[in-house]
There are 2 protein chains.
Amino acid sequence: MNKQLVFGHQNPDTDAIVAAMAYSHLLNELGADTEAVALGTPNDETKYVLDCFNATAPRVVETVANEVKEVILVDHNEAQQSVADRDQVQVVAVVDHHRIANFETTNPLYYRAEPVGCTSTIITKLYHESNIEIPKQLAGLMLSAIISDTLLMKSPTTTDEDKAAIKELAEIAGVDANKYGLEELRAGTNVDGKSAADLIDADAKSFTLAGKNVRVAQINTVDVNDIFKRQADFETAIKTANADNGYDLFFLMVTNILNSDTEALVIGDPIAPVEAAFDQKLNAQQRLVLPGVVSRKKQVVPQLTAAFEQQ
Amino acid sequence: MNKQLVFGHQNPDTDAIVAAMAYSHLLNELGADTEAVALGTPNDETKYVLDCFNATAPRVVETVANEVKEVILVDHNEAQQSVADRDQVQVVAVVDHHRIANFETTNPLYYRAEPVGCTSTIITKLYHESNIEIPKQLAGLMLSAIISDTLLMKSPTTTDEDKAAIKELAEIAGVDANKYGLEELRAGTNVDGKSAADLIDADAKSFTLAGKNVRVAQINTVDVNDIFKRQADFETAIKTANADNGYDLFFLMVTNILNSDTEALVIGDPIAPVEAAFDQKLNAQQRLVLPGVVSRKKQVVPQLTAAFEQQ
């Protein structure tokens with residue numbers, strides 16, 4: 001059997017990195033020859049998670065066709081979020097919890113998507129279906145991924161299956177999910193010493209909406225004002241990012257993980273569908289105030305998609 | 001919970017009809033409110049199968065948005081093989097065993113594809129995963145679908161999982177899979193009294209290959225000459241179909257189910273990539289001779305796709 005690489009999306013978050021490690025381990029236990037790799041280095045939260053459970057970050061790759069003929073995607077499927085040379089390899093399997101778009105294959109494949117809060121929740125089920133035990137270290141990592149994606153079960157993306165997986169994985173890992181979870185999320189909110197350019201790129205995804213190239217980034221914080229006191233820096237960084245990468249529109253979510261509210265800074269064109277999507281005009285600071293919004297996938301992208309398509 | 005319709009592809013074959021019935025039953029057992037429908041009437045083979053197990057064909061629909069907001073697809077995903085008004089409803093789940101193409105959603109969904117021979121094999125697994133018993137009647141129907149799609153395990157699409165499902169379902173249904181299977185396949189080969197136009201449309205799918213609209217149809221037979229003694233009729237029917245539906249190219253597979261060989265009649269443009277795909281020129285009858293070829297999905301469409309993309 002040929003070796004296969006397993007990886008999550010660009011700008012990897014904890015789930016993108018952990019899901020690749022967990023799925024690769026499962027496949028290898030079942031007799032495959034896979035290696036988990038990553039399309040970027042771990043962010044602060046993921047570093048904290050890897051340290052906590054004494055795990056090593058996967059090797060970072062920029063291309064894959066130079067190494068393998070077949071790849072396996074986790075936590076994403078859209079081409080623009082994936083490896084640059086994906087059209088030169090065959091995608092043989094996908095495990096994901098996002099919408100499907102910009103994804104096409106020549107051959108039948110294994111595709112497992114479920115509308116749950118985290119890829120690692122699906123992978124927990126796959127271990128059960130295959131009767132493979134989840135090692136203690138991986139259980140801690142997978143627990144961390146679900147805490148990250150569901151903001152400790154506060155995100156509306158959280159399902160009963162995510163809650164059940166958190167309970168089970170916390171028991172295997174031997175940690176208190178609530179206590180550990182808050183420490184993990186706080187570890188991801190440290191912005192000191194980081195440039196605005198780095199912060200807007202750390203957790204960002206691109207979407208093609210009615211032909212427009214839309215970038216949606218998210219910064220988690222325990223104090224929204226702590227971010228927006230540097231708004232001028234962020235505006236400059238976003239305008240540079242738009243110009244350099246051809247983004248038509250940049251939508252920066254600044255999310256308070258303690259009270260689950262978001263303020264979004266919006267720069268680019270067109271603004272009208274953005275205002276229509278959230279039924280409010282941008283305020284004087286070019287921001288939208290979005291109480292209760294924490295999920296890009298469930299509370300931002302579908303709303304933007306619908307509004308852009310109605311233009 | 002809102003009612004959801006479950007259906008297979010246009011020009012339904014046995015799996016398209018049975019998988020919808022089987023998945024709908026499973027979902028309803030799990031508490032959903034679904035109805036299996038079909039995008040066409042049963043073919044001769046499917047009629048034989050339904051008669052054998054005293055089952056009623058699902059209701060035929062032409063549109064769905066007039067009835068429901070949400071739908072579930074089985075045995076297909078590509079838009080041009082699905083219901084005409086699919087863009088007006090939300091696809092909340094897919095169970096399929098084909099490549100993924102021309103498929104895009106706004107929201108996360110349940111998507112279960114596996115590279116096995118038949119959708120009903122995957123649905124057999126879903127019953128197990130949900131701990132729901134497969135009723136005797138449905139077992140007979142699902143067995144028939146797997147026999148149909150795998151040509152009684154002779155197709156190269158057949159996997160160990162298909163074989164295991166056939167064994168299990170035959171036991172539940174109380175039939176001899178090999179004896180019953182040959183009768184079932186023979187029931188689908190009766191061409192007496194059928195027009196060439198009907199025969200080329202009975203099991204046909206459209207594909208967009210490098211911008212060309214390619215129709216690939218398949219007729220199963222126990223005697224290839226029995227079909228080609230009417231070649232002039234087929235040529236006329238195909239030219240009419242191409243003109244009426246905007247097909248650039250029509251690829252008609254005539255497959256001998258007893259010895260697993262195919263001859264293909266090819267009419268339209270461009271011919272060069274078709275000849276490149278199978279490394280032979282069309283013969284004087286505009287046919288390709290394809291020994292050992294029985295699977296459109298595995299032995300025809302990927303080869304055509306690759307050749308068209310290299311044009």
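Against which elements of chain A do the buried residues of α3(A) pack? The views below address this point and then turn to the domains, the chains and the salt bridges.

This is a predicted model, in which local features need pLDDT of at least 70, side-chain atom pairs count only at pLDDT 80 or more, and totals for chains, interfaces and linings use all residues. Residues are numbered from 1 along each chain as its sequence is written, chains are lettered from A and ligands numbered from 1 in the order in which they are written, and side-chain values use heavy atoms, with hydrogens and water left out.

**View 1. Helix α3 of chain A and its surroundings.** Helix α3(A) spans residues 119-129, and 8 of its 11 residues are buried (under 20% relative accessible area; exposed is over 50% and partly exposed in between, with a 1.4 Å probe and protein chains only). Helices (H or I, at least four residues) and strands (E, at least two) are DSSP runs, numbered from the N terminus. The buried set consists of T119(A), S120(A), T121(A), I122(A), I123(A), T124(A), L126(A) and Y127(A). These residues pack against the helices α1 (14-29), α4 (136-149) and α5 (160-173), and against the strands β4 (70-74), β5 (90-96) and β6 (110-113), of chain A. After the helix comes N131(A), with a positive phi near 55 degrees.

**View 2. The salt bridge between E129(A) and R112(A).** The closest N and O atoms of E129(A) and R112(A) are 2.7 Å apart (a salt bridge is a side-chain nitrogen of Lys or Arg within 4 Å of a carboxyl oxygen of Asp or Glu). The pair joins helix α3 to strand β6 of chain A, across 17 residues. R112(A) counts as buried because its relative accessibility is 1%, whereas E129(A), at 33%, counts as partly exposed. Both belong to a salt-bridge network with E114(A), K125(A) and E161(A).

**View 3. Two salt bridges of chain B.** K229(B) pairs with D226(B) in a salt bridge whose closest N and O atoms lie 2.8 Å apart. K229(B) is exposed, at 64% relative accessible area, and D226(B) is partly exposed, at 25%. In the salt bridge of E275(B) with K281(B), the corresponding distance is 3.6 Å. Here E275(B) is buried, with a value of 15%, while K281(B) is exposed, at 65%.

**View 4. The two domains of chain A.** The domain assignment, which is automatic or from a database, gives domain 1 (4-187) and domain 2 (196-310). Contact (heavy atoms within 4.5 Å) takes 17 residues from domain 1 and 20 residues from domain 2. Between them the domains bury about 1700 Å², with 52% of it on carbon and sulfur atoms; buried area is the accessible area (1.4 Å probe) that two parts lose on being put together, summed over both. The rule finds 0 salt bridges across this interface.

**View 5. The interface of chain A and chain B.** The contact involves 23 residues from chain A and 23 residues from chain B. The buried area is about 2100 Å², of which 58% comes from carbon and sulfur atoms. I100(A), T106(A) and P108(A) supply 27% of the area that chain A buries against chain B, more than any other three residues. Between the chains there are 0 salt bridges. The elements that give two or more residues to this side of chain A are β6 and α12 (301-309). The largest share, 4 residues, comes from β6(A).
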